[in-house]
Amino acid sequence: MSAVLTSANPPAWPPLAPALEARFEPMTPERLDAVLAIEQSVYSHPWTRGNFADTLAAGHNAMCLLGGDELLGYFVAMPGFEEVHLLNITVAPAWQRQGWALVMLDALVLWSRARRAEWLWLEVRASNTRAQQVYLRRGFARVGQRKAYYPAGHGLREDAVVMSLRLVDAP
């Protein structure tokens, strides 16, 4: 799958850089060094190599978004019965705020629908309002809260907001 993302309202000057053609490729053990570099640069409590290796061994949908040879971002999703659970979605710092998270979410929605999933679920830190806005923009709804779900440092925990997206029309 390939995607080309350009600005909807490009400035008149300076001229835009050429559009970046991006593609999805499976996350592999060989890509974990690049994935971990991004993961550790973005999160205060990043996933470990073991977390990623476990998801690959379990056969979860783990995809990398590449622009040329550069890793722009990645996501990991776990299929279940009539649902998919988004476990991790991350955009490299240099590529944030350019729409790549939406590209990855759209690809995940298409993959989930192809599996005949009825729901897409995720948790997001309560403090991560930027990510919540991205999910709301794609039609997710806030449906619950998990108390003390995420580590927050110094022995503290942070709540998670549970969000879901209905993938099929209601009966």
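**Exercise 1. Work out which residue Arg 146 forms a salt bridge with, and how accessible each partner is.**

Step 1: find the partner. Arg 146 pairs up with Glu 123 in a salt bridge, and the closest N and O atoms sit 3.1 Å apart. The rule here asks for a side-chain nitrogen of Lys or Arg within 4 Å of a carboxyl oxygen of Asp or Glu.

Step 2: place the two residues. Arg 146 belongs to strand S7 (residues 141-153) and Glu 123 to strand S6, so this pair links distant parts of the chain, 23 residues apart. Helices (H or I, at least four residues) and strands (E, at least two) are DSSP runs, numbered from the N terminus.

Step 3: check accessibility. Buried means under 20% relative accessible area, exposed means over 50%, and partly exposed is in between (1.4 Å probe, protein chains only). Arg 146 comes out at 35%, so this residue is partly exposed. Glu 123 has 12%, so this one counts as buried.

A word on the model: this is a predicted one, where local features need pLDDT of at least 70, side-chain atom pairs count only at pLDDT 80 or more, and totals for chains, interfaces and linings use all residues. Residues are numbered from 1 along each chain as its sequence is written, and side-chain values use heavy atoms, with hydrogens and water left out.

**Exercise 2. Find how many salt bridges the rule gives, and look at two further ones.**

Step 1: get the count. The rule yields eight salt bridges. As a reminder, side chains of opposite charge can pair when their charged atoms come close.

Step 2: take Arg 166 and Glu 118. Their side chains meet in a salt bridge at 4.0 Å, N to O. Since Arg 166 lies in strand S8 and Glu 118 in the loop between helix H3 (100-114) and strand S6 (119-125), the pair ties together parts that are 48 residues apart in sequence. Arg 166 is partly exposed at 28%, and Glu 118 is partly exposed at 25%.

Step 3: take Arg 23 and Glu 25. Their closest N and O atoms are 2.7 Å apart. Arg 23 is partly exposed, with 27%, and Glu 25 is partly exposed too, with 22%.

**Exercise 3. Count the aromatic pairs and describe the geometry of Phe 52 with Tyr 74.**

Step 1: apply the rule. Rings of Phe, Tyr and Trp (its six-membered ring) pair if their centres lie within 6.5 Å; planes under 30 degrees apart are stacked, over 60 edge-to-face, and the rest tilted. That gives six aromatic pairs.

Step 2: read the geometry. The ring centres of Phe 52 and Tyr 74 are 5.8 Å apart and the planes stand at 80°, so the pair is edge-to-face.

Step 3: place the pair. Phe 52 is in helix H2 (residues 49-57) and Tyr 74 in strand S4 (residues 70-80), so parts 22 residues apart in sequence get tied together. Both residues are buried.

Step 4: look for a cluster. Ring pairs join Trp 47, Phe 52 and Tyr 74 into one.

**Exercise 4. Decide whether Ser 164 is buried or exposed, and list its contacts.**

Step 1: locate Ser 164. This residue is found in strand S8 (residues 156-166).

Step 2: check the area. With a relative accessible area of 4%, Ser 164 is buried.

Step 3: list the contacts (heavy atoms within 4.5 Å). Leaving aside neighbours within four places in sequence, Ser 164 touches Trp 119, Leu 120, Trp 121, Gly 139, Phe 140, Ala 141 and Val 143.
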